[in-house]
Amino acid sequence: MRVRHLRPNENWPDTMFMGFEGPSLDREWTWVVEDEQGIQAGLLTCPMHGVIFLLRLAAAVGAPHLAIRTMFNEAMQEV
């Protein structure tokens with residue numbers, strides 16, 4: 001599994017509907033975890049007065065159990 005930010009030319013996967021899809025996503029504050037089958041989970045956050053505010057957390061059906069934990073830990077270490 002690899003954790004990264006959502007790329008500028010990349011759309012949110014249809015398998016993980018969150019209600020925040022589209023160009024309004026701030027990709028600096030959006031993390032995804034992917035494996036050989038594609039994006040498995042996503043974390044949407046925003047900065048708020050010196051802290052990170054969690055907006056949405058989503059995972060595809062059948063995503064590896066460690067996908068969310070791995071992505072969340074990586075995101076928290078980065079900020």
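This is a short tour of four paired strands and a few of their side chains, in a model that is predicted.

Begin by selecting residues 30-35, which make up strand β2. This strand is mostly covered, since six of its six residues are buried. If you show the side chains, you will find T30, V32 and E34 pointing one way from β2, while W31, V33 and D35 point the other way. In a regular strand, side chains alternate between the two faces of the sheet.

Next, add residues 2-5, which form strand β1, and look at how this strand runs beside β2: the two are antiparallel and are joined by four bridges. To find a place where they meet, select R4 together with V32 of β2, which stands opposite R4.

Now turn to strand β3, residues 38-48, which pairs with β2 in the antiparallel sense over six bridges. Which residue of β3 is the bridge partner of E34? Select I39, and you have that partner. Following the chain from β2 to β3, you pass through a hairpin whose connection is two residues.

Continue along the chain to strand β4, residues 51-59, which runs antiparallel to β3 and is joined to β3 by eight bridges. A41 and A59 are a pair worth selecting here, as A59 in β4 is the bridge partner of A41. β3 and β4 also form a hairpin, again with two residues between the strands, and in this turn H49 has a positive phi of about 50 degrees.

Go back towards β2 and select W29 and W31, the subject of the next stop. The structure holds one aromatic pair, and the rings of W29 and W31 form it, with their centres 6.3 Å apart and their planes at 90 degrees, so the pair is edge-to-face; an angle over 60 degrees is what this label requires. Are these two residues buried or exposed? W29 counts as buried because its relative accessibility is 18%, where the cut-off is under 20%, and W31 is buried as well, with a relative accessible area of 1%.

Finish at Q40, which is found in strand β3. Q40 is buried, with a relative accessible area of 9%, and its side chain is joined to that of D35 by a polar contact of 3.3 Å. To see the surroundings of Q40, select the residues that Q40 touches beyond four places away in sequence, which are M16, V33, E34, D35, A59, A60, G62, A63 and P64.

Terms used:
Residues are numbered from 1 along each chain as its sequence is written. This is a predicted model: local features need pLDDT of at least 70, side-chain atom pairs count only at pLDDT 80 or more; totals for chains, interfaces and linings use all residues. Side-chain values use heavy atoms; hydrogens and water are left out. Buried means under 20% relative accessible area, exposed over 50%, partly exposed in between (1.4 Å probe, protein chains only). Two strands pair if DSSP finds at least two bridges between them. Rings of Phe, Tyr and Trp (its six-membered ring) pair if their centres lie within 6.5 Å; planes under 30 degrees apart count as stacked, over 60 as edge-to-face and the rest as tilted. A polar contact is a pair of N or O atoms within 3.5 Å; within protein, one must be able to donate a hydrogen and the other to accept it, and residues adjacent in sequence count only if both atoms are side-chain atoms. Contact means heavy atoms within 4.5 Å.
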